[in-house]
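Grab a viewer and work through a few exercises on this protein. Try each task yourself before you read its solution.

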Amino acid sequence: MNTQKGREHSMTQKELNDRNWVAWAKELQSLAQCGIAYTKNPFDLERYGRIREIAGEILAQYTDLPVERLSGLFCGEEGYQTPKVTTRSALFVGDRVLLVKENDAGWNLPGGWCDENQTVRANAEKELWEETGIRGRATRLVAVQDRNLRNWPPYILNLSNHLILCEPVGEMEPFRPNLETRERGFFPMGDLPPLDTRRTTREQLLLCWEASRAEHWETRFD
């Protein structure tokens, strides 16, 4: 089922217009950043810099982030612009999936940004441990997804999200709330809690569940 298409049909015209402006601003930012990275002409550097500022000002109009925050997050990089890398770790015990709660928005698979000094595998195992207190071993790459095609609402950065199947290693220690997460829990696949769809959707959980039950798995990718 094309969940993205169904979601678009439920959006208001204003939401569609806002999303278009965000997409245009992101493209302007990308073009400006490439120009800054490669041009040697000081006048062009100034022009590209102003285009990037305009892109940030546009985004500030259509998101809830102030211009100052956007300048650091959206307009502070150098070099050719590429998607950011994130990982989400899926661990099942029987028919139950391990989820964490980071805030009041809902539950999600443990994970986050891939640190600069970590491989995708190592980051999936690290995030699992840091957010849940459970040691795990990454065993299968389930999918590589464009986050803005699969999660809602769209984010101002383009993210390449890696869904990683993990298995527990050793005894599971009691959960202790930490800087990353407030709660952890194991939930039956047939009775999932409210999800934070910015980070994890039901479709992503079902995909990981399918991968956990398959003898052989072909990695899905966008």
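Below are five tasks, each with a worked solution, on a predicted model.

**Exercise 1. Work out how far the model's confidence carries.**
Start with the average: the protein has a mean pLDDT of 87. Next, check the spread, and you'll find that 89% of its residues reach 70 or more. Then look at residues 1-9, where the pLDDT is below 50. That stretch makes seven contacts in the model beyond near neighbours in sequence, so don't lean on them, given that pLDDT is the predictor's confidence in each residue.

**Exercise 2. Sketch the overall make-up of the fold.**
Count the elements to begin with: seven helices and eight strands. Now turn to burial, where 39% of the 222 residues come out as buried. For the outside, the accessible surface is about 12900 Å², and carbon and sulfur atoms hold 51% of that. Finally, take the contacts with a separation of 6 or more: 68% of them join residues 24 or more positions apart.

**Exercise 3. Find the largest nonpolar core and say which elements build it.**
The core you're after has 18 residues. Among those with the most contacts inside it are F92, V97, L109, V142 and C208. Map the core onto the elements: β1 (84-93), β2 (96-103), β5 (136-146), β6 (159-168) and α7 (202-213) each put in at least two residues. The top contributor is α7, with four. Zoom in on L99 next; leaving out residues up to four places away in sequence, its neighbours include W107, L109, F187, P193, L195 and L205. A separate core of eight residues lies apart from this one, with L91, I134, I164 and C166 among its members. As background, nonpolar side chains in soluble globular proteins tend to be buried together.

**Exercise 4. Is Y62 buried, partly exposed or exposed, and what does it join on the surface?**
Locate the residue first: Y62 belongs to helix α3 (residues 42-62). Its relative accessibility is 31%, so Y62 counts as partly exposed. The cut-offs behind that call are under 20% for buried and over 50% for exposed. On the surface, Y62 teams up with W21 and W24 in a nonpolar patch of about 320 Å².

**Exercise 5. Which peptide bond is cis in the W152 to P153 step, and where does P153 sit?**
Keep the background in mind: most peptide bonds are trans. Now check omega for the bond from W152 to P153; it is near 0°, and the bond is cis. As for the place, P153 is in the loop between α6 (147-150) and β6.

Definitions and conventions
Residues numbered from 1 in each chain as written. Predicted model: local features only at pLDDT ≥ 70, side-chain atom pairs only at ≥ 80, totals over all residues. Heavy atoms only, no water. Core = buried A, V, L, I, M, F, W, Y, C linked by side-chain atoms within 4.5 Å. Buried < 20%, exposed > 50% of the residue type's maximum accessible area, 1.4 Å probe, protein only. Contact = heavy atoms within 4.5 Å. pLDDT = per-residue confidence, 0-100. Patch = residues over 30% accessible without salt bridge, like charges linked within 9 Å, V, L, I, M, F, W, Y side chains within 5 Å. Areas by Shrake-Rupley, 256 points an atom, 1.4 Å probe, with all protein chains shown as cover. Salt bridge = Lys/Arg side-chain N within 4 Å of Asp/Glu carboxyl O.
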